[in-house]
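Work through the exercises below with the sequence and model at hand. Each task is followed by its solution.

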Amino acid sequence: MPSLRSPLLSFLAALVLSTAAAAPAVAQSLAQSSASPAPPEATAEPAHPLAELWQQHQTSISIGTLLLLSYLGVLGFRPLLLLRLPASDLSIPYTSWKIPLGWVRFLKYRNRVLDAWVNQHWKTAQKSFLDLPAVSQRAIHIPLPVYLNNQPIDPLTGDSLRPAFSKNTAVLLITEEGGAGKTSLACQIALWGLNKQLCQHRLLPVLVETELDDKQTLFEVIRGQINALTDQRDPIAPELLENLLRRRRLLVIVDHLSEMGEETRKQITPHLADFPAKALVVTSRLLEPLGNLPKTILKPLRIEGKSLSRFMDAYLEARNKRGLFEDEDYFNGCRRLSQMVGQRNITVLLARLYADQMIEQQEGVGGILPSSVPELMLSYLNQLNRSIEDTNRRDHLAVQQDTQHVAWECLKQTYRPATAAKPDIEKALSTNGADDIPARLDYLETRLRLVQTLEPGNKLRIVLDPLAEYLAALHWVDQCRENPAESWPAFLDSIDQVLAQTNDPPTAIQGFLLAVRDCCKVKQKEAQVPEEIPDALARKAGLDPAELKKIEENRRISLLISDLADPDEEYRIRAAKDLGKRGLAAAKATPNLLGMAENPNQTLEARLEALRSLGNLGACSDSLKADIAPQLIALLQQDHDPNQPDELAVRRGAAEALGAMQAGKAELQAILNNDQQPLTLRQGAARALGLIGAPSGQPVPMLIAQLREGQISTQVKSIPVYQQALPLEQVLNLVAIPGGEFLMGSPPEEEGRDYYQSNFPDLAGLDVEEQHRVTVPPFSMSQFPITQAQWRAVATALPPVNQELDPDPANASFKGGDRPVESISWYEAIEFCDRLSQHTGKTYRLPSEAEWEYACRAGTTDPFHLGDTLRSDLANYNATYTYGNGAAGVYRQATTEVGSFGVNAFGLADMHGNVYEWCLDHWHPTYERSPTDGSAWITEGDDCYRLVRGGSWNYIPAFCRSAFRSRNTPRFRSYTVGFRVVGVFPWTP
């Protein structure tokens, strides 16, 4: 009996429905076969029309009413029974009659019937849908702002899309670049459809990711997907599927259409009447025309800097990982990501991948967080690979190389993420090791889930489009390093050929081109990428390089401004310093920097860095100077509490910032001339006036200090300064040193002379600093040690004479354009002089030892040109040690900006401490037979050593004496040694 139940019910249902339509004919036949002859007519009253109708057709009406009620009962209580109606006409048993089903088949697919079918299967379909790889990888959805038909929506909800899905044909196009979250958004929309948030009934989602052709049509793919989603034993009836599609009970999602082939694109034609799906979602990088059908356009937005922290917080919470991070670690991670992508808002994919890296590092699994997008992609591969057990894990580098080969095969034809033929991929992998290629591909697909095989099994693709683009870009950049001069022009030409072949706009391949651009920037030196290539790639991608740089710069500046409010002092200082280098584009940061400089709750270092940046910005334009200078002058002139030394340091910082922007000269002069003002403030005013300067050869006011018996006396003296123009808008200041005679060396009783015999056995018993008379002709000398900015100008802009120069050799902790250059050898200092001489047509060289000491003493005979001792507020040295009757002071443990402490009587600064300075001479242990005319002593010298003079920031005061002599090999480099130059020509006003 159970086996007969289903056919019997089907027959009864068919009988009920069919007879309802055939009732009049059946009733008439029954009446004719059973009726007796009619009696003779009798005269009677005319009958009412309804009564007459009932009298004539009561059997038909009764049967029809009964059957209609039966149909409504089945429709109301067991609607799924209606789907069991057979497709052909039914024969009634024991008769020759047939029930014509064509009359009633339309009753079979009423909305209530279709809804009942969907409600029967939606839970199973939902679970199956969530288990799909493309969906499970996007299980965490963080709502973000979108543009819905060019209107901003934040956040997007199912209700936002109800108007779109109320139409008889609902077409939704989700378009944006790769990694923007298009597929994730489509999956979320699918879940809204399942839960009646898009319209009053449920929609079962069908995700189409595979290529279509004449053997694999869209309809058949949907049919197969629905059968798998609903876990049915038999394929769904085509007629039922057609009605589900046309009545919008199925939501068809065609993912990454822009990356699919032409055969697939030909089948996605929602504008045609016979297109099966009436509820369609398409994701594409392109603004697909779709036959110019009216459609709803959805554009997910990138994550803005101000929203990045919110997104990361929500993502970590969704993964139950927020508790791993202290606030400082969390904000540091967000900041690193902002700095990494820096100049632009970022895609959801990048933020998510980076958050995963943060989690892994915090859990003690990962290494250093990546600092660029290409590095992030490789780190993501490593992260996946680390999840494999040790015994089965492949080498990280091997996995990277394999995926790069696969990615390139998938992109090289169209420069868009697409599929590649499996034989082509296997051939490419053979160049990366011929062993076990199927196993390597299987590892990428089944273990790492990076690669996906598409039906019928002869094509593969990388699962994540942006990952494919960056891996292919890395592969290409590495390929080009073998012959960059030919490879890059050929690549640029190929871009036009690809676009012509595919008839696509540049935006279609913009993601890949920008990925190549990013890789070029990261690997420019390593891969020998020509300098013009990044801009050329931007143009090929349909972007204006200048406009792109402007956008990137504005983005960078906005991030830096936000960092000024960071709780971590290190980031505030770094942001202020970086803003000072951004030029006029950073004008909008001036209120923030001023607030930082004036805020007593900020650390002193942060306030001073803000002032330095304001000085640099004010130097960019007269309008900025006019805005900033009055506020700095007010800061300079305000009274301060003597018990708060930080406020005095801020006033000095304001003075030097005014000097950098060439403003406030009168106010600075007033500070300098007022001996009631604190020494450090007057030193700052003198340095500022030196920065403002005067025409070449004109006097500049300077502060000269003398130290006697612990007391400082000062003198303001105007000394002519001559200017030598350098490349990159740099200037070399020189002062004229008058000729004269002096007593070189030190008296026997001078403290510190015993250093030599106690530290160098070869000098035991020798008088290394023996006094002797020397006559020195006039010369000119650079007022300060050569600065890092001056070195960079000569090293980068002037051609080599004998050797190349590193443009930025200074110690990483001592960076600063106005700090002395150090970590350069004697030979490199000679090269600097040779380049400068060649450039100017004048002779520049290192000073002789006699010239250096003569210039340092400036007519004095004490151990220091300052007097009988040193103080840390007059020089930069290791002031934890003392000399003579001096007192201990501040040990700065770094170089300082040149000219920070004043000058000697010749106008030279930093002759004691800061950095040792190379001299031209070879080393001689004594002055016996030394020249007396001030020339360099080279003959019969020890070619292994050269002279250095003046002491350094980390040396004791005895080593900073005017007479102290030290030596180093000519190839020696140290962050304690720099140099200054001598000009052997007369300066005239």
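A nonpolar core is a set of buried Ala, Val, Leu, Ile, Met, Phe, Trp, Tyr and Cys residues joined through side-chain atoms within 4.5 Å; buried means under 20% relative accessible area (1.4 Å probe, protein chains only). This is a predicted model, in which local features need pLDDT of at least 70, side-chain atom pairs count only at pLDDT 80 or more, and totals for chains, interfaces and linings use all residues. Residues are numbered from 1 along each chain as its sequence is written, and side-chain values use heavy atoms, with hydrogens and water left out.

**Exercise 1.** Find which members of the largest nonpolar core touch the most other members.

Solution.
- Step 1: the largest core has 119 residues.
- Step 2: the members that touch the most others are L579, L593, L632, L668, W791, W918 and F979.
- Step 3: another core, of 82 residues, lies apart from it and includes L144 and W408.

**Exercise 2.** List the contacts of W791 (heavy atoms within 4.5 Å), leaving aside neighbours within four places in sequence.

Solution.
- Step 1: W791 contacts I786, L805, D806, P807, P809 and V821, among others.
- Step 2: I824, E828, F832 and F979 are also in contact with W791.

**Exercise 3.** State the strand order of the five-stranded open sheet (strands are DSSP runs of E, at least two residues, numbered from the N terminus; two strands pair if DSSP finds at least two bridges between them).

Solution.
- Step 1: the order is β15-β16-β19-β25-β20, with antiparallel pairing.
- Step 2: β15 (722-725) and β20 (844-845) are the edge strands, each pairing on one side only.
- Step 3: two bridges join β19 (779-782) to β25 (982-983), and S780 has G983 as its bridge partner in β25.

Key
Two strands pair if DSSP finds at least two bridges between them. Helices (H or I, at least four residues) and strands (E, at least two) are DSSP runs, numbered from the N terminus. Buried means under 20% relative accessible area, exposed over 50%, partly exposed in between (1.4 Å probe, protein chains only).
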